[in-house]
Structure formats: C-alpha cells, structure tokens
Amino acid sequence: MPAVTVDNPLTLPRVTATADAVARPVLGVTTAPSGFEGEGFPVRRAFAGIHYRHLDPFIMMDQMGEVDYGANEPKGTPWHPHRGFETVTYIIDGTFIHQDSNGGGGTITNGDTQWMTAGSGLLHIETPPESLVKSGGLFHGLQLWVNLPAKDKMKDPRYQDIRGGQVQLLTSPDGGSLLRVIAGELDGHQGPGITHTPITMIHATLAPGAEITLPWSEDYNALAYILAGRGSVGAERRPIHLGQTAVFGSGSSLTVRADDKQDSNAPDLEVVLLGGRPIREPMAHYGPFVMNTREELQQAFDDFQKGRLGTVPAVHGMTEGGL
C-alpha cells in the first residue's frame, strides 16, 4: 500500500490553505468496531457511533481488510439489491470483480475505483477472481455509501469505472505527502469521479513527520479515517491511529499530521479525507435501501421481491439473494 504513487511528489501541483483560512476544530475521534460482511470478509465499520448530522451525505464506510488470505480463503458477497444511493468501492491492494443487473461491471485492482449509482435500483455482486481464490493473497479496500437527494433517488442506475491512473495527484508544499483526489475537487484540482451529491474524496499518504493543511469548502462537512499508521488531526494535534475516524467542526481548512515514528508494518500515515454538502432530508434506511420515508422503503422491498430491480444474469445460474 498504496498502489498509485510517484517517485518524486515535488513534480506534482502543490496545495495548501491560505494564511487567513479558519482551522476546523476536531469535534471527536471514534474507533471503528470490527465485523464481517458478505460471505465473511473482515471489515472495520468506520462511521459506527457517529451521529448522522456529522456524516450527511455519507451513510456508512467499511474498511475491507487489510487481510492476507490463504489459498481458497478469499470471499465476496452474494447477489443483493440496492436502491436510493451510491456505492464507491476503492481497492488499494488485491482484486475485486463487480457485476450488476444493469449491465455494469468490471475488475478493479491496485488503486482502481468502481462508482455505482444504484438510483431506482439494481442487483449486484462483488467477488474475488477465481485465480485469487485459488492462490490467496493480500486484499485491502474501502466501500463508501453516499446518499442521493430525493430528486435523484429514482434516476436510472449508472456505473463508473475509474482507473487508478486517472486520479488527480497533488502534494503539499514540502513534498512530504501524496494526495489522490478520487472525486470532487481540492484547491481547483478535479478528481475523475462524477457525483450527484457534491462531495470530495481523497486518499492521502503522509511521510513520517509530514503535515498537511488543506483548504476545505465551508459548506461541506469534514471527516478523516485512518487506513494505516498513526498521527494527529486538527491544529490541536488530537492523536489518531489505524481504524479511527475524526469528525471536524466548521471552518475553511483542516490539518493532518503524521507522527515522526511509524510502525514497521505501516511506514507512512494513510488517511481518507471526506467532505460533502449535507442533503438535510429525512432518511429512511433498511439494509440495502436508503429512501426518505418508510413507505418508500416498503415499496423498494416489494419491488425487489417482485423482480422489478432486475434479475441475476443467467450465466451465473444463481437466484436472487435475500435482504
């Protein structure tokens, strides 16, 4: 980790907040509980315990792995439905195959991202390739759920295949960090992901002792999740480490710093920075459906049971999974 990098970050555009930017304070740091998803792959629930008012428009995020599978151990998910939101699957190490009932799909590996707008609904499946199942190997990634406003919840599904080489690469003035802008923009630099809901998603790598202070839209919220390593967040240098999420308050810049010494298995601080413009609408959430009312949830469930969210492609010879 990470898969997308450069030999010399000083060749990249440099970004930093202006001197008059208002530093965002750290409202709190939470620790993600561990669990299992799909057919049994390990995850950390990054947003567990954080009130939705600090997350909106984000719903949930799982860190998948990091796990080094033995032969015949890699696992995926069964076919399952989605409606009313977007899933963003970012693979740092390893390989995942996606297929959905709308015809979207492909293989992502080593810094690639799959962006699936479920919209009005579809069925999909995520699995490791057969070669990885046989051999085992390293697997590490993220899946983020982004809410859709009511006006977009029933739009046609859309699929984006974002290759690792397409992300916008930036650095700090001293070259001590590498910033990968996956979606949204940072200081005028635009990432490749196309979003219905205005958000910014960045994967940053900070060398030991490096610090970044980034400009941040004042009408966005701000979250930092630590994928690996240890450091601090905010001008107050609140300690933070692997598996923890920092929630920032209001302001126009945010600061993250890597500790001078890192663990041998994580030489740098790896952090995902997220921000989005809150939707501020009622949210009704049940399993794979995210709507505005309980009636809409019931309709989604009924539509799924009646096959209106699509059917599993016959080539797999599978039947639709339950909720």
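Biologist: Where is serine 172 placed?
Modeller: This is a predicted model. In it, serine 172 sits in the loop between β13 (168-171) and β14 (177-183).

Biologist: Is serine 172 buried or exposed?
Modeller: Buried. Its relative accessible area is 2%, and the cut-off for buried is under 20%.

Biologist: Which side chains does the side chain of serine 172 make polar contacts with?
Modeller: One polar contact goes to the side chain of aspartate 174, at 2.9 Å. Another joins serine 172 to the side chain of serine 177, at 2.9 Å.

Biologist: And what does serine 172 touch, not counting residues up to four places away in sequence?
Modeller: Arg14, Val15, Ser177, Glu211 and Ile212.

Biologist: New topic. Where does alanine 46 lie?
Modeller: In the loop between β3 (41-45) and α1 (52-55). Alanine 46 counts as buried, at 0% relative accessibility. Leaving out residues up to four places away in sequence, it touches Thr30, Ala32, Met61, Tyr225 and Thr245.

Biologist: How many aromatic pairs are in the whole structure?
Modeller: A search finds 3. One of them is tyrosine 69 with phenylalanine 139. Their ring centres are 6.5 Å apart and their planes are at 35°, so the pair is tilted. Tyrosine 69 is in strand β4 and phenylalanine 139 in strand β11, 70 residues apart.

Biologist: Which other ring pairs with phenylalanine 139?
Modeller: Phenylalanine 96 does, in a tilted pair. The centres are 5.0 Å apart, with 45° between the planes. Phenylalanine 96 is in strand β7, 43 residues from phenylalanine 139.

Biologist: What do the ring pairs link together?
Modeller: Tyr69, Phe96 and Phe139 become a cluster. Tyrosine 69 is buried at 10%, phenylalanine 139 at 2% and phenylalanine 96 at 2%.

Key
Residues numbered from 1 in each chain as written. Predicted model: local features only at pLDDT ≥ 70, side-chain atom pairs only at ≥ 80, totals over all residues. Heavy atoms only, no water. Helix = DSSP H or I, 4+ residues; strand = E, 2+ residues; numbered from the N terminus. Buried < 20%, exposed > 50% of the residue type's maximum accessible area, 1.4 Å probe, protein only. Polar contact = N/O pair within 3.5 Å; in protein donor to acceptor, adjacent residues only side chain to side chain. Contact = heavy atoms within 4.5 Å. Phe/Tyr/Trp six-rings, centres within 6.5 Å; stacked < 30°, edge-to-face > 60°.
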